[in-house]
Amino acid sequence: MFKKFTMSAIGLSVLTAISTTAHAERVIVHVDNTNKGVVKALAKQLGGDIKVDGKNFIAADFAGKDASEIRGLMNNPHVKLVEVDQKRKLYAAYNDDAGNPETQQLTPYAVYQSQADQVAFDASAGMKVCVIDSGLDIGNNDFNWADITGDNDSGTGNWFDAGGAHGTHVAGTVGAADNNFGVVGMAPGVPMHIIKVFNEGGWGYSSDLAHATDLCAQAGANIINMSLGGGGTSTAESNAFENFVANGGLVVAAAGNDGNSVRSYPAGYPSVMMIGANDADNNIADFSQFPSCESGRGKNVVTDETICVEVTAGGVDTLSTYPAGSAAASNVSLDGSTYSSAGMENFGSASGATYFMGTAETIDAGADGKVCLIDRGNISFHDKTKNCEDSGGIGAIVINNEPGMLYGTLGETNATTIPVVGTALEDRDAILAAANADVEVFATDYGYMSGTSMATPAVAGLAALVWSNHPECSGEEIRAALKATAEDAGAAGNDVYFGYGIVKAKAASDYLQANACGDTGGPGGGDITLSANGYKSRGLQVVDLTWQGTAAANVDVYRDNSVIFSGSDTGAYTDNIGVKGGGSYTYKVCEQGTATCSADVNVVF
């Protein structure tokens with residue numbers, strides 16, 4: 001499932017205009033401590049809000065005044081220097097490589113975050129990822145095309161003709177090649193099978209996905225990626241995924257991008273691994289859906305970790321492949337110095353004097369023949385650009401009103417032609433101080449998107465990477481290993497936002513090395529399936545456990561890793577906890593004295 005994206009592309013909710021307040025310039029005033037009282041009084045008299053009272057200096061905000069104006073007002077013999085109080089911010093925990101993907105290979109931040117750079121992909125292991133999406137553009141050369149096949153769905157056209165950028169972006173995250181340009185995928189060069197069920201702006205049906213799943217199996221895929229979803233369940237769809245998993249495969253799907261607790265499908269089926277999105281700082285993405293792990297009502301409430309988010313991966317401002325020449329990149333130079341920017345739309349270049357239009361809510365003749373400098377806020381990016389162009393402006397630089405780079409688009413209907421870029425709030429002072437600007441927006445094969453759609457192929461590719469080093473495992477064992485080794489984030493333990501946490505390739509591979517897959521149960525629980533039903537009787541907690549798939553005469557039943565029953569296998573056990581109020585418990589069933597166990601099942605009161 002994907003957020004509405006831009007050519008350089010992040011989600012629509014991130015692009016929603018945010019109102020700006022009057023800009024407050026913060027300065028540092030240097031003054032000897034012995035004279036500080038006089039200078040502080042002067043600053044307050046001039047409307048300054050003192051923020052820091054330091055050794056031989058003060059720092060203050062002056063609303064509506066720029067640094068040069070403040071210097072004039074603070075003209076006092078006790079003042080040694082007035083300088084801009086430069087902003088500082090935390091760097092992201094993980095970052096994309098810097099550079100131009102058209103001329104060098106860049107590694108996206110999610111590769112580092114997930115430890116995918118610490119595990120080598122074994123191309124001889126027979127891994128294949130099936131991407132059910134909007135097709136893959138044959139014009140993008142950052143793929144190992146000799147190992148990519150595909151199928152068309154009725155009405156969608158050739159699988160190698162992109163129906164929008166989404167499918168190409170997803171495929172790049174899974175397996176863009178490790179070469180000397182572009183980006184690198186989680187499992188570089190992994191063979192892929194592409195099934196095109198969507199076109200740009202289109203949609204499909206659950207029957208399309210059921211049929212596509214059969215085609216994935218016929219193509220020899222081990223893993224299915226579905227960065228898509230919707231409401232309601234389908235027996236045909238669910239059965240197709242169950243059959244694929246029963247035959248040893250792994251299916252991953254996006255949790256959804258509405259930032260609510262609604263369960264989306266196919267991610268909500270127990271056979272499908274639901275994936276949420278986090279950012280480069282290990283925070284949950286604000287759009288990532290977080291359905292409950294519970295189903296049923298009253299005494300029939302059952303906790304099932306397979307119907308909610310199981311893990312997360314990087315899915316905010318994700319750099320990946322685009323259909324050839326369809327994404328926008330940019331260059332910005334101010335008074336000869338280069339600044340970071342994000343191309344919005346309108347390929348071309350402009351050079352000239354700068355003119356500050358504020359939030360550009362009206363036509364301003366002062367912009368005629370100049371590059372407009374515009375603050376974000378109040379009206380759309382398109383309308384700001386249109387007002388600049390209608391004023392005679394030749395290009396536009398839009399400055400973010402919150403920390404970080406401004407990625408944006410001019411919307412569905414674009415009536416402008418001048419090149420327009422987004423820039424970071426941190427560079428605002430330097431941008432506004434510049435007398436001249438050079439702006440260029442040009443076509444590229446690489447761009448950014450945000451969504452659980454971007455996190456899902458990160459997990460699919462990472463699963464292929466790990467699995468290639470442990471080909472004896474089943475898909476369910478890979479699924480269990482990813483959960484067992486995810487980095488806990490958010491609330492301690494398994495939670496509805498992160499599930500078990502952020503996936504880690506090296507940790508999962510090491511785990512499988514220490515806990516061999518196979519008939520001995522291994523990680524993930526062999527063939528034993530456990531269900532738990534928690535309820536209260538006379539106010540006291542009770543959990544009914546049922547299981548199937550055991551081969552031994554006796555079993556051990558565990559609650560929170562402690563044996564609570566050891567004896568004959570009847571396929572059922574009732575745990576009379578005898579506690580009132582709330583609580584959370586983790587259960588599993590094992591063949592007695594062995595490591596052949598079910599997966600953990602959580603019950604929350």
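## Helices, strands and the model

Helices (H or I, at least four residues) and strands (E, at least two) are DSSP runs, numbered from the N terminus. With those labels in hand, let's take a walk through this structure, which is a predicted model.

## An enclosed space

Rolling a probe the size of a water molecule over the atoms shows where empty space is left. Here, the count comes to 1 cavity of 30 Å³ or more, and the largest cavity has a volume of about 80 Å³. Its lining is made up of 13 residues, and those closest to the centre are Pro108, Val111, Thr173, Val184 and Leu319.

Which elements each supply at least two residues of this lining? They are helix H4 (109-113), helix H5 (166-175) and strand E16 (318-321). Strand E16 gives the most, with 3 residues. As for chemistry, 7 of the lining residues are nonpolar and 6 are polar, while no charged residue takes part.

## A hairpin and its neighbour

Further along the chain, strand E26 (residues 529-537) runs antiparallel to strand E27 (residues 540-548), and 9 bridges join the two. One place to look is tyrosine 535, which stands opposite valine 542 in E27. Together, E26 and E27 form a hairpin with 2 residues between them. In that turn you will find arginine 538, whose phi is positive at about 55°.

E27 also has a partner in strand E30 (residues 572-576): these strands pair in the antiparallel sense over 5 bridges. To find this pairing on your screen, start from aspartate 544, whose bridge partner in E30 is threonine 574. E27 thus pairs with E26 and with E30.

Key. Residues numbered from 1 in each chain as written. Predicted model: local features only at pLDDT ≥ 70, side-chain atom pairs only at ≥ 80, totals over all residues. Heavy atoms only, no water. 1 Å grid on protein atoms, 1.4 Å probe; cavity = no way out; pocket = protein on both sides within 12 Å on 5 of 7 lines; lining within 4 Å. Points joined across faces, edges and corners; volume = space filled by probe spheres on them. Nonpolar A, V, L, I, M, F, W, Y, C, P; charged D, E, K, R; others polar. Pairing = 2+ DSSP bridges.
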